[in-house]
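Reader: Please take one part of this structure and go through it closely. I am a first-year student and would like each term explained when it comes up.

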Amino acid sequence: MPHRLLFPPAWLPSLLAVALLAGCSAAGLADAPVARRTVALLPADALLLGEQHDAPEHHAIEREAVEALSARGRLAALAIEMAEEGSSTAHLDRAATEAQVQTALGWDEKAWPWSAYGPAVMAAVRAGVPVLGANLPRAHMKDAMADVSLDVQLGAEAHKAQEEAVRSGHCNLLPESQIRPMTRIQIARDRAMAQTIVKARVPGKTVLLLSGAGHTAKALGVPQHLPSDLSVKAVQLQAGATPDSLREAGAFDAVWQTPALPEKDYCATLRAQPGPRS
């Protein structure tokens with residue numbers, strides 16, 4: 001699936017994967033039910049859940065977080081990486097069918113299996129909460145690749161780290177000439193998600209974003225593009241203990257660990273393919 005390699009998914013080693021939340025009460029909530037851990041992060045204008053795309057437990061957590069917030073009347077909107085910015089279920093009623101919801105969101109089943117994400121999406125719809133596409137539309141990606149203004153959206157150190165994340169996320173197989181354009185797309189995607197959150201903001205409630213963990217990292221991702229007066233909490237959903245990649249404490253407000261997945265070499269197939277590498 002080119003989409004998964006084009007934008008580094010959370011299952012690939014990341015420069016900014018982080019240590020478990022240091023100190024404090026959040027660590028004590030590590031084994032608590034999802035609802036309790038979710039509510040413990042409030043109040044927040046935005047709550048970002050950064051998943052590992054192929055971890056079933058993470059999709060279950062996302063559904064439970066939707067249910068926890070909506071049951072308390074705290075969910076302003078569910079924003080998702082899995083649909084393009086501008087798509088919305090706001091015009092649908094609670095009884096909408098799954099097919100109607102997929103049509104409203106322009107759902108791409110090949111990129112994002114509905115069986116994985118449908119439960120969280122439908123939990124929001126059934127609660128009368130709008131589900132909003134937040135990802136950069138594919139039609140805008142070519143423009144983003146050429147947009148030099150995106151090169152200064154992050155500080156120099158963060159931009160360099162984002163370039164390295166793009167490089168490693170593509171299994172170090174991208175031609176070097178493509179690193180900067182692809183980094184611009186990644187930054188543009190983060191900015192689009194942030195813009196969706198800002199538009200959906202409701203005082204006293206929380207916009208919940210579901211995305212890959214790389215988008216929720218505070219130093220590089222969506223939080224960098226949110227206004228300073230918007231309170232945000234970022235969570236990494238981490239499958240298994242990966243000490244070598246837990247490098248930077250503070251990149252997330254919390255890390256919720258789930259059982260490890262079987263090891264896979266996601267780059268092996270690409271490395272075996274013939275073609276130019278630089």
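Author: A residue is called buried if its relative accessible area is under 20%, exposed if over 50%, and partly exposed in between, using a 1.4 Å probe and protein chains only. Helices (H or I, at least four residues) and strands (E, at least two) are DSSP runs, numbered from the N terminus. The model is predicted: local features need pLDDT of at least 70 and side-chain atom pairs count only at pLDDT 80 or more, while totals for chains, interfaces and linings use all residues. Residues are numbered from 1 along each chain as its sequence is written, and side-chain values use heavy atoms, leaving out hydrogens and water.

The part to look at is the disulfide. A disulfide is taken here as a pair of cysteine sulfur atoms within 2.5 Å, and by that rule the count is one. The two cysteines are C171 and C267, with sulfur atoms 2.0 Å apart. The torsion about their S-S bond is about -75°, so the disulfide is left-handed. C171 sits in the loop between α8 (156-169) and α9 (179-200), and C267 in the loop between β6 (254-258) and α11 (268-272), so the bond ties together parts 96 residues apart in sequence. C171 and C267 are buried.

Consider next the elements beside these loops. On the C171 side comes α8, whose expected span is 1.5 Å times one less than its number of residues. For its 14 residues this gives 20 Å, and the end C-alpha atoms are 20 Å apart, which agrees. Its buried residues are A158, H159, A161, Q162, E163, A165, V166 and G169. Just after α8, C171 itself takes a positive phi of about 60°.

Beyond the loop, helix α9 contains T196. T196 is buried, with a relative accessible area of 6%. Setting aside residues up to four places away in sequence, T196 is in contact (heavy atoms within 4.5 Å) with A79, E85, L132, G133 and A134.

On the C267 side comes β6, where four of the five residues are buried. Two strands pair if DSSP finds at least two bridges between them; strand β5 (residues 232-239) and β6 do so in the parallel sense over five bridges. One of these strand partnerships joins L237 to W256 in β6.

For comparison, take helix α4 (residues 56-71). Its 16 residues should span 22 Å, and its end C-alpha atoms are 23 Å apart, which agrees. Buried residues of α4 include H58, H59, I61, E62 and A65. Just after α4, G73 takes a positive phi of about 70°.
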